[in-house]
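I opened this notebook to keep track of what I looked up, entry by entry. The structure comes first and my notes follow.

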Amino acid sequence: MSATATAPAQRPAAPAPTPRARRRARGWSLRAPLLPALIFTILVTQLPFLFTIFYSLRSWNLLRPDSGAFAGLDNYAYVLTDAQFLGAALNTVVITASCVLISMAVGIGLAMLLDRRFAGRGVVRTLLITPFLIIPVATALLWKTTMFDPVFGLVGFVLTPLGLGEVNWVAQYPVVSVVTALVWQWSPFMMLLVLAGLQSQSRDVVEAGQVDGANRWQMFTNVTLPHLRRYIELGVLLGSIYVVNTFDTIYMMTQGGPGTASSNLPFYIYQRTFLGFDIGQSAAMGVIVVIGTIVVATLALRLIFRTFMSDQEAKS
Amino acid sequence: MTATATAPAPRTRPAAAPAPRRRSRGTVGGTALTVLTWAIALVFVSPALWMVLTAFKTEGIAQTDPPTLLFQPTLEQFRDVVGADFTPYVGNSLIATLASTALVLVLATPAAYALSIRPVKRTKDVLFFFISTKMLPLVAVVVPIYVAAAEVGMLDNIWTLVVLYTAMNLPIAVWMLRSFFLEVPAGVVEAAQMEGASLPRVLWSVMLPIMAPGVAATALICMIFSWNEFFFAVNLTASQAATVPVYLVGFITSEGLYWAQLAAAATMASLPIVVIGWMAQRQLVRGLSMGAVK
């Protein structure tokens, strides 16, 4: 888009403003539409975070009346040596990574199956996106009860021939259970993204590959996967953003238990805040999580900006 | 209307001259693959199908060993759920979802427009800022928000959720709408401006009609995430402003006891979003890929 086109209707009536003033006015007219959203976002998300930083420097437990004193970095020192916090951090990484990667693999598989014309294709796609649309709270409850119940659950029933009939999945393998429910919920999301990528693949390239005598696997690894790359990256990025914040599934399925075996950071911090009433410590945890997330996210976003954005920019 | 997104892959065009190998492989192999696809799809969605099936059972039949497929369907559970105070929760969810989605669109559209124009300095920084707020773990801000809401008497108030859901969905909406703005041909906009149309007018009568499917996709994504949101809802509401996901928490105390009723409640709670999602799945694809579909 050329600069002249975007200059929004310069008012000819204005009595010859200096070039500098005009440039400034133009800058503002371009920036002004951005401001409401920007100010709103800063007020609702950044301002509370400043308070979180402030709280994190104070010794503040609602159960201790004398608390509220400035504590420096004590909360941070405590949190970083707290085995439960570190366990929850590890769980967060394990749950997020396994959920995103498995969902992506399942999503790619389902998308490949859907990327051909067959009877009932629309119905199958409609069925497959359903888990993504069901309320996650309901998904968690259903997996916990109707699926994973050791006596009446469907999973036990199906796995009985394999000798896994009486396994109490949620109690014995809480992380596996949580990841299963999450994978079920997020695979359709990945499938839709990959499917969009597959359908944007140009037929010519596929045909050229076939003419060159590439077999199916070679076609997939050498032609399809590279083409899908930015869709996969986008899926991993968005999936991670949402899965890292998972709270409902853990709250409803395991309550972080047994003990703290399946609690992730959002759930553990919630417990410290609303059940332990330790505002200072939970604020410190929040700050640490944010720092960790920013480090990881910066790296991830770099990647996305390089591939996803630059490509799109080139087209405009 | 969504020709770009939906055109079901020109490559599946049936009789295109080349690609004889694929066609000849057709019939037997093709049928097998179709059956396999159907089987995998049915297994994959079986938990959802099982939920719907369970909703039509009595409590006794819902918990049998082995699980049963054959039974006399009953609407008893649905009646019980509606009879219990389910409706206020639905009302709250509707307000939170519709109001926040509208607010998101109002705020995000001008912002996305500004960011789709090259000369804005530091476009990438602003975009990065928006998406980075999504990475801010909600737990890191919930305490100050709780304190502030309590301070101004906005705890257990549905409009608190509206504000938070707006902030939650705004970054994604800005990103999505920006990518749809980038797809509007520059020539169309230039022509309108040559004829002296003001900026709001160009936005409203030239660009928005072209972007309608994109706006729909954005609204849909916002609605899904608002309707399904749980963390803020459970922590900031009590009796007055509780939403549908909070209603479902009630079943956690009676775990294992009321499966059929839980299934009925879960089915009804999910139904609005599931149906909307089904009807608008093409827009959904477009939205999720942030307009990257060509």
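**Entry 1: where the chains meet**

I began with the contacts between the chains: 112 residues of chain A touch 111 residues of chain B. I note here that the model is predicted.

Next I looked up the buried area. Chain A and chain B bury about 10700 Å² between them, and 75% of that area is on carbon and sulfur atoms. I then asked which three residues supply more than any others of the area that chain A buries against chain B. They are A:Leu133, A:Ile135 and A:Phe152, which supply 7% of it.

I looked for charged pairs and polar pairs separately. The count of salt bridges between chain A and chain B is 0. For polar contacts, the rule finds 12 residue pairs across the interface, with both residues at pLDDT 80 or more.

Which helix gives the most to the side of chain A that touches chain B? I found that H15 of chain A does, with 15 residues. I also sorted the residues on that side of chain A by kind: 71 are nonpolar, 26 are polar and 15 are charged.

**Entry 2: a helix and a domain in chain A**

I checked helix H7 of chain A, which covers residues 136-147. Are its residues buried or exposed? I found 12 of the 12 buried, so this helix is largely enclosed by the rest of the structure. The buried residues of H7 in chain A include A:Trp143, A:Lys144 and A:Met147.

From the UniProt record, an unreviewed entry, I copied the feature "domain: ABC transmembrane type-1" at residues 89-300 of chain A. In the model, the end C-alpha atoms of residues 89-300 of chain A lie 19 Å apart. I noted that this span is 77% helix and 0% strand.

**Entry 3: chain B as a whole**

I listed the secondary structure of chain B and got 14 helices and 0 strands. Chain B has 294 residues, of which 55% count as buried. I then looked at contacts in chain B with a separation of 6 or more; residues 24 or more positions apart account for 76% of them.

The UniProt record, again an unreviewed entry, places the feature "transmembrane region" at several spans of chain B, among them residues 94-115 and 258-280. I looked up both spans in the model. Residues 94-115 of chain B are 100% helix, and their end C-alpha atoms lie 31 Å apart. Residues 258-280 of chain B are 91% helix, with end C-alpha atoms 33 Å apart.

**Entry 4: backbone details**

I went through the backbone angles last. The peptide bond from A:Gly257 to A:Pro258 is cis, with omega near -5°. I placed A:Pro258 in the loop between helix H13 (248-253) and helix H14 (265-275) of chain A.

A:Phe277 is not a glycine, yet its phi is positive, about 55°. I found A:Phe277 in the loop between H14 and helix H15 (279-315) of chain A. A:Phe277 has a relative accessible area of 31%, so I wrote it down as partly exposed; that class lies between the 20% and 50% cut-offs.

In chain B, I noted B:Asp156, a residue other than glycine with a positive phi near 55°. B:Asp156 sits in the loop between helix H7 (139-151) and helix H8 (158-183) of chain B. Its relative accessible area is 18%, so I entered B:Asp156 as buried, the cut-off for that being under 20%.

Technical notes
Residues are numbered from 1 along each chain as its sequence is written. Chains are lettered from A and ligands numbered from 1 in the order in which they are written. This is a predicted model: local features need pLDDT of at least 70, side-chain atom pairs count only at pLDDT 80 or more; totals for chains, interfaces and linings use all residues. Side-chain values use heavy atoms; hydrogens and water are left out. Helices (H or I, at least four residues) and strands (E, at least two) are DSSP runs, numbered from the N terminus. Buried means under 20% relative accessible area, exposed over 50%, partly exposed in between (1.4 Å probe, protein chains only). Contact means heavy atoms within 4.5 Å. Buried area is the accessible area (1.4 Å probe) that two parts lose on being put together, summed over both. A salt bridge is a side-chain nitrogen of Lys or Arg within 4 Å of a carboxyl oxygen of Asp or Glu. A polar contact is a pair of N or O atoms within 3.5 Å; within protein, one must be able to donate a hydrogen and the other to accept it, and residues adjacent in sequence count only if both atoms are side-chain atoms. Ala, Val, Leu, Ile, Met, Phe, Trp, Tyr, Cys and Pro count as nonpolar, Asp, Glu, Lys and Arg as charged, and the others, Gly among them, as polar. UniProt positions are given in the numbering used here, feature names are shortened, and annotations may be inferred rather than shown by experiment.
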